[in-house]
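Let's take a walk through this structure together, from its overall division down to a few backbone details. Have the sequence and the coordinates at hand as you read.

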Amino acid sequence: MKKSVLLSMSLLLFVGLFMVCPLTYAQNTIKVGIVDTYTGPATTFTMDVLDGFKLAVNEINAKGGVLGKKIEYTTRDEKFKPDIGLAMAKELVLKEKVDILMGTINSATALAISDFAKKEKLPFFVTFSKSEKIIGEKGHPYIFNMNENTAMVGKAAAVALAKKPYIKYWIAGDDYEYGHAIANSLWNNLKKLKPQVQKAGESWWKVGEADFTPYITQILAAKPDFIIAATGGAGMVNFQKAAKATGLSQKIPFYQHTAIELSVLKPQGQNAPEGVFGTANYFFYYPDTPSNRAFVDEFKRAYNREPRIGALSGYMTARFIAAGYKKAGKIDTEGLIKALEGMSLDSPVGPMAIRGCDHQLELPMYFGVTTKNPKYDFLVAGDVQAIQAKDYMPTCDEVLRVRK
Amino acid sequence: MEAVYSIIPAGVLSQVFVGLSRTTILFIVASGLTLILGVLRIPNVAHGSLYMIGAFTAFTVTKLSGGGSAGFWIALVIAPLIVALISLIAERGMFQFLYEREHLMLLLLTFAFSLVFGDLVKLVWGGEYKSVPVPHIFQGFVPLFGGLPFPLYNLFLLLAGPVVAILLYLLTNKTKMGKIARAAAVDREMVGAVGINVSRVFATVFVIGCYLAGLGGVLVAPTVSVTLGMDHNLIIEAFLIVIMGGLGNIWGALLGALIFGLTQSLGILIWPKFGIIFPYLAVVVVLLFRPTGLLKSTW
């Protein structure tokens, strides 16, 4: 008798817990659903986005949250597959009832989720996908791009390269959308800025190509002045290693987006090639300002490693979400979107705004060259030149013209 | 040399030798795959994962021994052995009970293994790119073929390839174990019927095959970034080579690797923009005319 009472009591308690919890959640938190790739090679970048985001969320929640509500987040691993990513975004919205969607490193997934977010009228913050279609031809009012895209990268690099004396360019890269998009944007902008440039030839290799030596020996024999190497992911390091082994890095200068970035240079230690040109949006050591140092210290304390570009993107996404709701004065999607348009916040690398017309984050781009530095046991970016957002972002006109 | 260049341009010669050094890695990995496929009849999709584990282990061993060149040579000895040990555990613990199953089921099982291995590698080593430095004496390049630079490490690979091929020849043709394994590949019941412990032969062959995957992983490590996903890129090429050469035939794997490596490097020379397609085109052509592969398949 006593036993059964105990059992039913505890069952009741159990059921009660489940009934109460969702209600309290719904009332007292802002829910962010993050869909990203957390398995495979992409984790090199996605973990930084998540950790940067967590850092900001913890700060915000420690100060009492936003309008008295805490920010809460749930992650889903899309395994770099757009269909899985879309299903997860749907699940997050329909079952978890998230207020905001965020992610992903896979542009195809980002485009699929973007389409869904548009139908559901839910804000979607893109944190690492580089496709220019996201805010371009597939753009809509609910999308926010919190990192650079291929159109921006190509233009920034073209601005910097146009000042160099090179005429005969060889174009090479990973044979997928990212590689072609960066190369096309760079080449088209460069031709505009410096009409006398010539294309000596092109090589395209498959994504994940392990051995670049045959490609490089062929380019060496063709003797161009400069190589645009539109590689991504693991291809970055692979190409640099082969460039060093074949002596390419001493003979013909080349450019890769993110060539000067920590994720590419740190694994190679002192063996990375010197003199490689690259662009990146963030370094933990540059600019050497108090705000950047404070961010790096805080990140290092929490995760025991230096922050990279993804960390800044994740960190600022959380800060913008919080500031947006605060400005809107209520937890409301349309209010948030309106509040964020044109909003500027201080970031570790100086003020950053979200452009009103297309919801693109205006972040600075740094052009530099790989250099040895006695302070670090890996190569860093030297001769850094900051390119401001207004100089390398496509104009509102250019973006909105291609939107459908 | 000038006389040679008048017949074959220096650029072509350089590409041929670069292609041959790529062939070395492909051959070492594909020969292990085809050995297991021929004798045990297991289409081992996890072969690529063992190659990846070999590369990651090489990274750790190199790092633990101070990051210098000595580390690489230690890794060259130890890392394939560690991979062999992992494969021994997998064979004794799992595969030995499944030899009679259907190929499709084994394919699924080894595919599952490749996913498990992939996640284990992520747990142990994390998602960051890793890099193994080229051993000191093979750093840099030499001007070869009309002054075109040729990486020293690729010269080392050019030497390593034939060594492995000769050792494999001796193993399969001159040792008793090799002869039994070849017999078992043709008729496993008969080998068992004459009183030979087939299970032990199978285990040995499996471990040797996986050792080769590990060896390939260590040898490739200084030329690439050691990263998750390197397994899937390689396993596709390795299977194509094995199919092209004839299932289970080690010399077929050598021939397939040669065709794959050379069509790639020469294809790049002819048409760099579409260099990718040449090896695959070669596979199509071979299979059109020899659907069972170039050399005799053991299946």
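## Domains of chain A

The domain bounds used here come from an automatic or database domain assignment. Please keep in mind that this is a predicted model. In chain A, the assignment gives domain 1 as 1-148 + 285-363 and domain 2 as 151-280 + 366-402. Between the C-alpha centres of these two domains of chain A there are 31 Å.

Where the two domains of chain A touch, domain 1 contributes 22 residues and domain 2 contributes 22 residues. On the domain 1 side of that contact, you will find 8 nonpolar, 6 polar and 8 charged residues.

## Helix α12 and its partner

Helix α12 of chain A covers residues 309-328. How far apart should its ends be, at 1.5 Å a residue? For the 20 residues of α12(A) the expected span is 28 Å, and the end C-alpha atoms are indeed 28 Å apart, so the two values agree. The surroundings of α12(A) are worth a look too: 16 of its 20 residues are buried, so this helix is largely enclosed by the rest of the structure. Buried here means that 20 or more other C-beta atoms lie within 10 Å of the residue's own. Just after α12(A) comes G329(A), with a positive phi near 85°.

Helix α13 of chain A, residues 333-340, is a good neighbour to inspect next: its axis and that of α12(A) come within 8 Å and cross at roughly 105°. Angles of 65 to 115 degrees count as roughly perpendicular, so α12(A) is roughly perpendicular to α13(A). The α12(A) side of their contact consists of F320(A), G324(A), Y325(A), K327(A) and A328(A), which meet G335(A), L336(A), K338(A), A339(A) and L340(A) in α13(A). Sorted by class, this helix contact holds 6 nonpolar, 2 polar and 2 charged residues.

## Backbone details in the loops

Most residues other than glycine have a negative phi, and most peptide bonds are trans. With that in mind, which residues of chain A are worth a closer look?

One is L67(A), a residue other than glycine whose phi is positive, near 50°. L67(A) sits in the loop between α2 (43-62) and β2 (70-77) of chain A, and it is partly exposed, as 13 other C-beta atoms lie within 10 Å. Another is K97(A), again not a glycine, with a positive phi of about 55°. The loop between α3 (82-94) and β3 of chain A holds K97(A), and this lysine counts as exposed because it has 12 C-beta neighbours inside 10 Å.

Cis peptide bonds deserve a visit as well. The bond from G103(A) to T104(A) is cis, with omega near -10°, and T104(A) belongs to the loop between β3 (100-103) and α4 (107-120) of chain A. Y286(A) and P287(A) are also joined by a cis peptide bond, with omega about -5°. You will find P287(A) in the loop between β10 (277-280) and α11 (290-303) of chain A.

## Where chain A meets chain B

Finally, look at the contact between the chains, which takes 36 residues from chain A and 39 residues from chain B. On the chain A side, at least two residues each come from α2, β7 (198-205), α7 (213-222) and α8 (235-245). The largest share of that side, 7 residues, is supplied by α7(A). By class, the chain A residues that touch chain B divide into 14 nonpolar, 17 polar and 5 charged.

Terms used: Residues numbered from 1 in each chain as written. Chains lettered and ligands numbered in written order. Predicted model: local features only at pLDDT ≥ 70, side-chain atom pairs only at ≥ 80, totals over all residues. Helix = DSSP H or I, 4+ residues; strand = E, 2+ residues; numbered from the N terminus. Expected span 1.5 Å × (residues − 1). Contact = placed C-beta atoms within 7 Å. Nonpolar A, V, L, I, M, F, W, Y, C, P; charged D, E, K, R; others polar. Axes fitted to C-alpha atoms, helices over the stretch in contact; angles between N-to-C directions. Parallel < 35°, antiparallel > 145°, perpendicular 65-115°, else oblique.
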